[in-house]
Amino acid sequence: MRKYRTFIIAVAYLACCVFITVHAWAEKIKLRAGHVIPVDKKLSRSDIKGMFRRGERLVWAGQDANTVGMPVGGIAAGQLYLRGDGTLGLWQIFNKHIFSGYGATNYRTYKPESPVDSGFGVVVKQDDKTTVRKLDHKFGKVEFAGEYPIGLVRYGAGDFPVKVEMEAFSPFIPLNARDSALPATLFHITLENTSSQSIQAGILAWLENAVCIDSAPSIHALRRTRIVNEKGRAMIVHTAEKAPPPTAAEQPRPTVALTDFEGPDYGDWKATGEAFGKKPAGGTLANQNPVSGFIGKGLVNTFLGGDGPHGTLTSPPFEISRKFINFLIGGGSQQRQTCINLLIDGKRRQPSPGGVVRTAVGKDNEKLESYFWDVSELEGKSAQIQIVDSASGGWGHINIDQIELADAPQQTPPGELEDLPDYGSMVLACGNTCWQTRTVLDAVGGWAAQLNAENDITFPVSGSKTTALATQPLNLAPGQKQTYTFALTWHFPNFKQGHEYANRFNSASEVAHYVLDNHERLAGDTKKWHQTFYEDSTLPRWLLFRLHSTVANLATGTCQWWKNGRFWGWEGVGCCEGTCTHVWNYAHAVARLFPELERSAREMQDFGEGFHEDTGLVGFRSDNNYAADGQCGTVLKAYREHLMSADSGFLKRNWPRIKKTLEFSIKQDGNDDGLIENSQHNTFDINFEGPNTFVGSLYLAALRAGEEMAKEMGDDEFAKRCRKIFESGGKLSVERLWDGEYFIEEVDLAKHPKFQYEKGCLSDQLFGQGWAEQLGLGYIYPAENVKQALQSVWRYNWAPDIGPYNADYKPERWFAREGEPGLFTCTWPKSPYLADGVRYKDEVWTGIEYQVAGHMVWEGMVEEAVAICDGVQKRYDPAKHNPFNEVECGDHYARAFASWGVYTALAGYEYHGPKGHLGFAPAVTPDDFRAAFTAAEGWGTFSQKRKDKTQLEQIELRWGRLALKSLAFEVPENFKPAEVTLTTAGKSAKCDYTLKDRRVEINLKDDLILTPGQMLVVTIQR
Ligand SMILES: [Ca+2]
Ligand SMILES: [Ca+2]
Ligand SMILES: [Ca+2]
């Protein structure tokens, strides 16, 4: 609980205070000329008032929601987006490794793509005419109002008699990880007749069979689609199976070689551009890694002059006289840029997704591998092959050889069909039975008539077929509503480490039945969480949106939950592996919402696979490498995981290794003085080379956590040792690192000229203090230094417009653009700018912003904290950037999970599960505050009201159970409680209490367990 807090009684009053202190201070300090970040942030009173307004649910219409990609699949079950117009996108559910980049290009404006055909439409029968209107951006007026975890899209049109509201979400129930990790998305589609006459209306739903989506071009197999009715549900079931061997009548005809590139030139093939040269390559080219896998002496290899040049190579027209085209391919993997295309009927269409009948790319590997196209459906047609190199960056070339026409695929499939990563099943299930779909499709006509409604079809994986289900049109009187439920499920178990979901389900059909059998509970609990978090809270709605949006990272490629129960994370989607200790140092959301997942990461990685028993080193990517910040953070995370446990089992099991982890850091300290002075690798991907409070504060907080855990374990000797080092470190840090306004780094720049911050103002300089607040460990440096340092971070590093500063100091990667606000990693307001200073110094990371904002809340800097969050919200406006995808080194970056630390700070939340202790000290509107909270086994809503002589606290449990032995609250200044009463379910419970400063601690005489619907009421009276 925070000890010294400035309460906001009236927002405007406090805004004045901020201005006054800023101006008075600014006059005294002479700033470096190049430090163009304004001290006065020019936040007006109305800006601040606006930020604190409770406000309504956010809604974006039409193009303003263009970039939206809201994850709506289950936790660690892939990455399926709900786009701004209610269509689905991305579809990364097929276990393909997706590398989303190192950050250079992640902050950009784009609409997520959809490689799979799926959707819903509203069917209306009126005056004997049947029409369908798709639920997409063309419907009319389309509004996106999703709040994670529940997507919400509304559709209306003046020329259509039905208004539609669609919810799309995967069950999301805090503390129930398994039911939140289903490979499934639920849809609730509500139709409302807005016309003045009765109509008949229903839903048309469709889904392409995308099983083997990535392998399809190189395997000989069939897709199979069945429409089944089970348990009163209609389901489209998509699978794949082996193609039957050819029958005697299908004996292969002789193979026809199209070209082997063995001639002195390209013959009648036409080359354009520079990349192909005048003749086939003779093998590996200059400065190229060895090329292999080609046949004979010649091949196409466009690394001629490196990756830079472009060009095309096009065959003369030929007849497709066999069932397959076989070839060898290597080189770059860029779709449409390093590819081989099949063009039909002489149409030299520009390579585009729809304009080429077959295409293939390499795998960023110089080795040529067999590949084939199944062209049986194109037999007899005239075709051309075109090889394209329109890429210049890394892997901007393509290698091709030995193109043949044959009746059988030349190569054997890459592994058994059943073992392929994208082999599995997908299902679209309707909660009700469906009706004569073919009749509806034919009545609608047009594109709908092309959809399949036939049960049990098979077709080659090279082809594509979309299957539909139609519900029976029902009479809707004017104003009447009807809701339909659908479930989209998938089951692709062939992931290297397996999926947790595969422990429970054998097919997408099983998943579909599970989510529909348990629909009421799964959807009900998800909505209860949404209600508790968003609707019932007094916090600003936009702020709740922002702080919860990052939790969506759980349902992206960033997070995996393995079959063995281990939670594992990239830093960003497909980028930088190993639940990296230092990036995940910032992540609070998972630990507070699904503590079992973080416990598994501690036990199975940090104190498991990544732990070095001999030294206590925690390999920071579960490897042999040391990160100073990650090592200290591991101790803090262990304590947090203990606090979020129902009992002491986790601590008892892991204490010997937690202690060793801390002892490793103490060894780096070297002389037990509480300062780590050696080389400290850290999250900036560089090493700090002297004492500093970035690693130092984490170290001191870890010592405090170690002290607490040692006490609980009865290891008093170690507790004392931690305390002693901690006290020395806090004192020495102020003596040696305090510059009068903030903490600096003590370093010899002559010896270590690169990557230091020295006299700079590092935004993360109090990282460990922020952690200490999250865990109730108190101050590690004197309160006045902490407060002033945070003020300096705000003053020197937060820019209302990053443009002017970044114009002078270009960041390595742009995560904010001119005109947008942001908090810089590090600046040098009073000393020369270190061009070789700490890496990423001129960048803006949301994870750091939340870390700092959360800490600011604990120190009473609530406006500044909320302004920083507002800056993130402004940058991630869906007209510009997907609001659910905060990027850094890759998409959906894990550091952004830090947002939950802001949320817990706003509630002044403190919790110790094994001790049954829960406390709150709201930082905003403490006179009338309400917010959701989570504990080890249950969650609910907390409210506080102050009136006259009474402070009323209510803890209402909504889900699970909550064991309580003690409570803590904060009373106004000069509020001396005369009586504290406690009732639950109308009965009073015995307690005693103590008051220290403004903190009231209440001890219950008897243990109390709250169950859902029960409320604990505490009345504190003067
Ligand atoms: Ca050859
Ligand atoms: Ca090239
Ligand atoms: Ca030392």
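**Close-up 1. The site of the calcium ion (ligand 1) in this predicted model.** Read along the sequence, the residues that hold the calcium ion (ligand 1) follow the spacing D-x1-E-x32-I-x2-G-x102-D. The donors themselves are Asp260 (O), Glu262 (OE), Ile295 (O), Gly298 (O) and Asp401, which appears with two OD entries, and they sit at 2.3 to 2.6 Å. The angles subtended by the six donor atoms run from 51 to 157°, so the arrangement around the calcium ion (ligand 1) is irregular. For comparison on the bench, ideal angles for six octahedral donors are 90 or 180 degrees. Take a moment to look at two of the donor residues: Gly298 counts as buried, at 5% relative accessibility, whereas Ile295 is partly exposed, with a relative accessible area of 42%.

**Close-up 2. The site of the calcium ion (ligand 2).** Here the protein donors are Asp307 (O), Pro309 (O), Asp389 (OD, listed twice), Ala391 (O) and Gly396 (O), and they lie 2.3 to 2.6 Å from the calcium ion (ligand 2). Their spacing along the chain is D-x1-P-x79-D-x1-A-x4-G. Because the six donor atoms subtend angles of 51 to 171°, this arrangement is irregular. Asp389 and Ala391 are both buried.

**Close-up 3. Helices α10 and α11.** Helix α10 covers residues 628-643 and helix α11 covers residues 649-669. Their axes are 9 Å apart and meet at an angle of about 160°, so α10 and α11 are roughly antiparallel to each other. The crossing of α10 past α11 is left-handed. If you would like to trace the contact yourself, follow Gln631, Cys632, Thr634, Val635, Ala638, Glu641 and His642 on the α10 side. Their partners in α11 are Phe650, Leu651, Ile658, Thr661, Leu662, Phe664 and Ser665.

**Close-up 4. Helices α9 and α11.** Helix α9 (residues 595-609) packs with α11 at an angle of about 40°, and the axes are 11 Å apart. That angle makes α9 oblique to α11. The crossing of α9 past α11 is left-handed. On the α9 side the contact uses Arg599, Arg602, Glu603, Phe607 and Gly608, and on the α11 side Phe650, Arg653, Asn654, Arg657, Ile658 and Thr661.

**Close-up 5. Gly578 and its surroundings.** Look for Gly578 in the loop that joins β31 (567-569) to α8 (589-593). With a relative accessibility of 3%, Gly578 counts as buried. Setting aside neighbours within four places in sequence, Gly578 is in contact with Trp568, Gly569, Gln605, Phe620, Arg621 and Ser622. Gly610 lies 32 residues away along the chain, and its C-alpha atom is separated from that of Gly578 by 9.4 Å.

**Close-up 6. Helix α14 and what covers it.** How many residues of helix α14 (residues 767-774) are buried? Eight of the eight are, so α14 is largely enclosed by the rest of the structure. These buried residues are Phe767, Gly768, Gln769, Gly770, Trp771, Ala772, Glu773 and Gln774. Their cover includes α8, α10, α12 (693-712), α15 (783-797), α17 (846-858) and α19 (899-907). Just after α14, Gly776 takes a positive phi of about 65°.

Technical notes: Residues are numbered from 1 along each chain as its sequence is written. Chains are lettered from A and ligands numbered from 1 in the order in which they are written. This is a predicted model: local features need pLDDT of at least 70, side-chain atom pairs count only at pLDDT 80 or more; totals for chains, interfaces and linings use all residues. Side-chain values use heavy atoms; hydrogens and water are left out. Donors are N, O and S atoms within 2.8 Å of the metal (3.2 Å for Na, K and Ca); water is not among the atoms, so sites may look incomplete. Four donors count as tetrahedral if all angles lie between 85 and 135 degrees; four count as square planar and six as octahedral if opposite donors are over 155 degrees apart and all others between 65 and 115; anything else is irregular. Buried means under 20% relative accessible area, exposed over 50%, partly exposed in between (1.4 Å probe, protein chains only). Axes are lines fitted to C-alpha atoms, for helices over the stretch in contact, and angles run from 0 to 180 degrees between N-to-C directions. Helices (H or I, at least four residues) and strands (E, at least two) are DSSP runs, numbered from the N terminus. Angles under 35 degrees count as roughly parallel, over 145 as roughly antiparallel, 65 to 115 as roughly perpendicular and the rest as oblique. A crossing is left-handed if the near helix is turned anticlockwise from the far one by less than a right angle, and right-handed if clockwise. Contact means heavy atoms within 4.5 Å.
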